[in-house]
Amino acid sequence: MLQAERAGGALLPEYHRATPECPEPGRWRMYDSMTAEFEVLEFLRTLVTTLKPKLIVETGAFLGASTVWMAEGLRRNGEGRIVSCEFDPVVYAKAREKIAASGLAEWIDLRNASSLEMQVQGSIDLLFSDSDLEIREQEVRRFLPQMNPQGLILMHDASSHPGTVRQAALKMESEGLLSVVLLPTPRGLAIAQKKPGEGNCLG
Ligand SMILES: C[S@@+](CC[C@H](N)C(=O)[O-])C[C@H]1O[C@@H](n2cnc3c(N)ncnc32)[C@H](O)[C@@H]1O
């Protein structure tokens, strides 16, 4: 959070280490090392305007940047809502301030809750999993039964370093739960869709 405050909203070169799939991360930009890469924020907004989701679920709001970028897409669409969560109360309070200042609060339901406990009603059209690396697999398994079969699951930080999220995505694919595409961005982005079948209905 300090890094984000010091940068004061300025864009910096992305400094995630080079990986075999993304050998020149410095060609991307970032606000700070927690907020998704700037280009990924743009991509999220474009996905929202392209897919017109009615319900987006995000895990891990941090300061609300990705939440606000997706909400901007909803505003352009003129419909939909995003339910997001941040379990750290101090960070949550800051995110609320940012969202209030963005003018996009009407599209956002931000909760001070854990992604592994928050209850969301309805069919999820877009899931953006961006909390702690170690629990991304649990999050996806938890929300999978609620996913619209045409919907998209995005797992951020799916690069080969450190590989935790990438392995989780590929493991769920090998179990027949997901079809996965790995985007070679600095921190990595897995885009998945649930596969039809019994296995994905067990939660
Ligand atoms: C990588 S940051 C999210 C960045 C944000 N999505 C963005 O791109 O602007 C991860 C955030 O998830 C929060 N977090 C970690 N585990 C969580 C959980 N189980 N439920 C909700 N938030 C969690 C952390 O406190 C942290 O602020």
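This tour moves through a predicted model, from its sheet to the helices beside the sheet and then to its nonpolar core.

**The sheet**

Select the strands. Seven of them form an open sheet, and across it the order reads S5-S4-S3-S6-S7-S9-S8, with mixed pairing. At the edges stand S5 and S8 (178–183), each of which pairs on one side only. From one strand to the next, the twist averages 15°.

Begin at the S5 edge by selecting S4 (residues 81–85) together with S5. These two strands run parallel and are joined by four bridges. Ile-82 has Ile-108, in S5, as its bridge partner.

Move next to S6 and S7, which pair over five bridges, in the parallel sense. Here Phe-128 stands opposite Leu-154 in S7. How many of the 10 residues of S7 are buried? Seven are, so S7 is largely enclosed by the rest of the structure.

**Helix H2**

Select residues 38–51, which make up helix H2. H2 lies across S6 (124–129), S7 (147–156) and S9 (189–194), and runs at about 175° to S6. Its 14 residues reach 20 Å from the first C-alpha to the last, close to the 20 Å expected at 1.5 Å a residue.

Which residues of H2 are buried? Val-40, Leu-41, Leu-44 and Val-48 are. They lie on the same side of H2 because they cover an arc of only 105° around the axis. Among the elements that cover these buried residues are H3, S6 and S9. Now turn the view to the face of H2 pointing away from the buried side, where Glu-42, Thr-46 and Thr-50 are exposed. Just after the helix, Lys-52 takes a positive phi of about 55°.

**Helix H4**

Select residues 89–102 for helix H4. H4 also has 14 residues, and the distance from its first C-alpha to its last is 20 Å, close to the 20 Å expected at 1.5 Å a residue.

The buried residues to colour in H4 are Tyr-92, Ala-95 and Ile-99. Why do they share a side of H4? They cover an arc of only 60° around the axis, which puts them on the same side of the helix. Their cover includes helix H3 (65–77) and strand S5 (108–111). On the face of H4 turned away from the buried side are the exposed residues Val-90, Ala-93, Glu-97 and Ala-101. Just after H4, select Gly-103, whose phi is positive, at about 75°.

**Helix H6 and the nonpolar core**

Helix H6 comprises residues 164–174. Select it with S7, S8 and S9: H6 lies across these three strands and runs at about 150° to S8.

Within this region, centre the view on Ala-169. Leaving aside neighbours within four places in sequence, Ala-169 is in contact with Met-155, Ala-158, Leu-178, Val-180, Ala-190 and Ala-192.

To finish, display the largest nonpolar core, which has 50 residues. Which of its residues touch the most other members? They are Met-70, Ala-71, Ile-82, Leu-127, Ile-153, Met-155 and Ala-169. H3 gives the most to this core, with six residues. In soluble globular proteins, nonpolar side chains tend to be buried together.

Note on methods
Residues numbered from 1 in each chain as written. Predicted model: local features only at pLDDT ≥ 70, side-chain atom pairs only at ≥ 80, totals over all residues. Expected span 1.5 Å × (residues − 1). Buried ≥ 20, exposed ≤ 12 C-beta atoms within 10 Å, placed from the backbone. Arc of directions from axis to C-beta. Contact = placed C-beta atoms within 7 Å. Pairing = 2+ DSSP bridges. Axes fitted to C-alpha atoms, helices over the stretch in contact; angles between N-to-C directions. Core = buried A, V, L, I, M, F, W, Y, C linked by C-beta atoms within 7 Å.
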